[in-house]
Amino acid sequence: MSARERLARAQAELVKALGVGAPLPSGFDTARVLAASESLLHKRRRGVERAWPSLAAALGTDFRARFEPWARAHPMSVEPDSLAEGRRFAASLQEEGRLPPSMSGVLMDFDARWRLTSAGERVRRLGFWLVVRRDITTRRFRVALRLPGGRVLR
């Protein structure tokens, strides 16, 4: 293995250690990598808090306690997008049954305007788009319609 290949492998292992907490490759300072990893985690959390203020407010003091374990288990994308990451976090809360009911309208608005690709990237929807969901608490259907130009009616 050439020196270039060894360096590329070490860099890839370092990125995994920083992003998802994978084992640290040999030759790196453990304390510094851990500090950098925590810093990246806090940056991700602050980005989602700014992109989804209603989610942060709905969860209150539990936001940090719920987001950080989720973020450790879900790697960052190559091009970080706080809106997409917040939607993926909200989806995981919804699957667990921990999403506050006040968030259903906000998520419908997001889903009417955007879609997430399999890679987790956010893509704008074009034209008309209809989102229909059944509210768990009231057992009624909720409808959101995206009009051309981005306006959403609920």
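Which residues of H6 are buried? In this predicted model, the list runs Gly105, Leu107, Met108, Asp109, Phe110, Asp111 and Ala112. That makes seven of the ten residues in helix H6 (residues 104–113), so the helix is largely enclosed by the rest of the structure. As for what does the enclosing, the buried residues of H6 pack against one helix, H5 (82–96), and against strands E1 (114–116), E2 (122–124), E3 (129–134), E4 (141–146) and E5 (152–153).

Three of those strands belong together. E3, E4 and E5 line up in that order as an open sheet with antiparallel pairing. E3 and E5 sit at the edges, each pairing on one side only. Between E3 and E4, which run antiparallel, there are six bridges. One place to look is Leu130, whose bridge partner in E4 is Leu145. H6 packs on this sheet and touches E3, E4 and E5, with its direction at about 150 degrees to that of E3. In general, strands of a sheet pair through backbone hydrogen bonds, either parallel or antiparallel.

Now for the nonpolar cores. The largest one counts 18 residues, and those with the most contacts inside it are Trp52, Leu55, Phe63, Phe67, Phe89 and Leu99. Helices H2 (30–51), H3 (53–59), H4 (62–73), H5 and H6 each put in at least two residues of this core. H4 gives the largest share, with four residues. Apart from this core lies another, made of five residues, including Met108, Ala112, Val131 and Ala144. Such clustering fits a broader pattern: in soluble globular proteins, nonpolar side chains tend to be buried together.

H4 deserves a closer look. Its buried residues are Phe63, Phe67, Glu68, Trp70 and Ala71, and the cover over them includes H2, H3 and H5. Phe63 and Phe67 turn up again among the residues with the most contacts inside the largest core. Setting aside residues up to four places away in sequence, Phe67 touches Arg44, Arg45, Val48, Glu85 and Phe89. An α-helix has 3.6 residues a turn, so residues three or four places apart point the same way. The length of H4 checks out too: at 1.5 Å a residue, its twelve residues should span 16 Å, and the end C-alpha atoms are 17 Å apart, which agrees.

Conventions
Residues are numbered from 1 along each chain as its sequence is written. This is a predicted model: local features need pLDDT of at least 70, side-chain atom pairs count only at pLDDT 80 or more; totals for chains, interfaces and linings use all residues. Side-chain values use heavy atoms; hydrogens and water are left out. Buried means under 20% relative accessible area, exposed over 50%, partly exposed in between (1.4 Å probe, protein chains only). Contact means heavy atoms within 4.5 Å. A nonpolar core is a set of buried Ala, Val, Leu, Ile, Met, Phe, Trp, Tyr and Cys residues joined through side-chain atoms within 4.5 Å. Two strands pair if DSSP finds at least two bridges between them. Axes are lines fitted to C-alpha atoms, for helices over the stretch in contact, and angles run from 0 to 180 degrees between N-to-C directions. The expected span of a helix is 1.5 Å times one less than its number of residues.
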